[in-house]
Amino acid sequence: MGRVVHAWKSRRIRIAVNAFFVLGALTAAVLTGLHFLHSGWPLAHANPYLVGAAGALFVAAFGFKAWGWQRLFPEGQRPEALTLAAAGGAASVGGVALPGRFDEAIRIAVVRKLPGKTVGFGALALTLIVVGLLDSAALTPMASIAAAASAHGGVRAGFALVAASGLAAALLVFFLPRIARFGWVARFKVGRWLQEHCACRRTASQAWLLISVSWALRALAVFVLLQALSVGSSFPLALAFLCASAASAALPIAPAGAATQAGAGAAILIVSGIPKADAFAFSVAAQAMVIVAGAAVCAVAGVWHLAARFRRRATVVA
């Protein structure tokens, strides 16, 4: 680990890593552009009002997710909700080119770089782990509905597994403070550290509620987008698409986060009887909407922090 940290301090290493990520993003953008030139933009014939409504719902989902994440920090160390929303938006944009799970590194980098409360790396990483567990918990009722509505045994079993995993994740979050105080765990330094930094049950419940609202808004956005593209009008189908995409995002490593989620979403639509062309077009459109919403949140956060900096400078000059 020491060698890695020492190597990261090298200017050449940082330039090489940044160049690699930029090249990956440009490659993904070029390939995406070529695909759209060949097959057409999937939202070209969609209802513009419904597309706008879906985009607004995706943006609102980022906000509720940020408020839920904010509750997991100690009260005196909570970053601004807009900063956390920008971190989530940046992670969604980075998912176009970066492999799966790299979005967590993007979130950490954005939160630590933007102005505001200084949060320790360990505490920030712990909140991200808990947010991931609460994401699974929030998907439990959706996965249960999707499993009940599915006519395929394999798909039903997959959604049942997602629901069971979410239930286990919820139990782990709510019992984490007690586990940290448990006999032999409390003797170790990590146990004492968890006692100081993990959220209590009440705060975790508040975070779970807000994150559940975020996922509900995303499900509603997917349903509206299905209507906009005339792909389907089934709310269970929207839940199935969302659960499949979210489950694929939990993979430890994948070629690219957004591409993996789009592929999983398209697969569940095809299994549900949607023609392949329509399924892939809708999946790409949904991921594009999420990325555009994330980029919009990042832009708003950047303008807000820039305006705050100018206000501080004006105050100092005055």
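This is a short talk on the helices, one buried arginine and two aromatic pairs of a predicted model.

Let me start with the overall fold. The chain has 13 helices and 0 strands. Read from the N terminus, the order of elements is therefore α-α-α-α-α-α-α-α-α-α-α-α-α. The chain has 318 residues, and buried residues make up 42% of them. As for contacts with a separation of 6 or more, 70% are between residues 24 or more positions apart.

Now to helices 3, 4 and 5. Helix 3 covers residues 48-70 and helix 4 covers residues 81-94. These two pack with their axes 8 Å apart, at an angle of about 120 degrees. How do we class that angle? It makes helix 3 oblique to helix 4, because roughly perpendicular ends at 115 degrees and roughly antiparallel begins over 145. The crossing of helix 3 and helix 4 is right-handed.

Which residues meet there? On the helix 3 side they are Phe62, Ala66, Trp67, Trp69 and Gln70. On the helix 4 side they are Ala81, Leu84, Ala85, Ala87, Gly88, Gly89 and Ser92. Sorted by class, this contact of helix 3 with helix 4 holds 8 nonpolar and 4 polar residues, and no charged ones.

Next is helix 4 against helix 5. Their axes come within 8 Å and cross at roughly 145 degrees, and this crossing is also right-handed. Helix 4 contributes Thr83, Leu84, Ala86, Ala87, Gly88, Ala90, Ala91 and Gly94. From helix 5 they meet Asp103, Ile106, Arg107, Val110 and Val111. The class count for the contact of helix 4 with helix 5 is 8 nonpolar, 3 polar and 2 charged residues.

One of those helix 5 residues is worth a stop. Arg107 lies in helix 5, which spans residues 102-113. Is Arg107 buried or exposed? Its relative accessibility is 16%, so Arg107 counts as buried; the cut-off for buried is under 20%. Leaving out residues up to four places away in sequence, Arg107 touches Trp69, Ala87, Gly88, Ala91 and Leu128. Of these, Ala87, Gly88 and Ala91 are among the helix 4 residues that meet helix 5. Trp69 is among the helix 3 residues that meet helix 4.

Last, the aromatic pairs. How many are there in the whole structure? The search finds 4, and I will show two of them.

One is Phe64 with Trp67, an edge-to-face pair with 5.2 Å centre to centre and 90 degrees between the planes. Why do these two sit about one helical turn apart? Because they are 3 residues apart in helix 3. Phe64 is partly exposed, at a relative accessible area of 26%. Trp67 is partly exposed as well, at 42%. Trp67 also appears in the contact of helix 3 with helix 4.

Another is Phe223 with Phe235, also edge-to-face, with 5.5 Å centre to centre and 70 degrees between the planes. This pair links distant parts of the chain, 12 residues apart. Phe223 is in helix 10, residues 201-228, and Phe235 is in helix 11, residues 235-249. Phe235 is partly exposed, with a relative accessible area of 35%.

To recap: Arg107 is a buried residue, and it takes part in the contact of helix 4 with helix 5. The contact of helix 3 with helix 4 has no charged residues.

Key: Residues numbered from 1 in each chain as written. Predicted model: local features only at pLDDT ≥ 70, side-chain atom pairs only at ≥ 80, totals over all residues. Heavy atoms only, no water. Buried < 20%, exposed > 50% of the residue type's maximum accessible area, 1.4 Å probe, protein only. Contact = heavy atoms within 4.5 Å. Axes fitted to C-alpha atoms, helices over the stretch in contact; angles between N-to-C directions. Parallel < 35°, antiparallel > 145°, perpendicular 65-115°, else oblique. Left-handed = near helix turned anticlockwise from the far one by under 90°. Nonpolar A, V, L, I, M, F, W, Y, C, P; charged D, E, K, R; others polar. Phe/Tyr/Trp six-rings, centres within 6.5 Å; stacked < 30°, edge-to-face > 60°.
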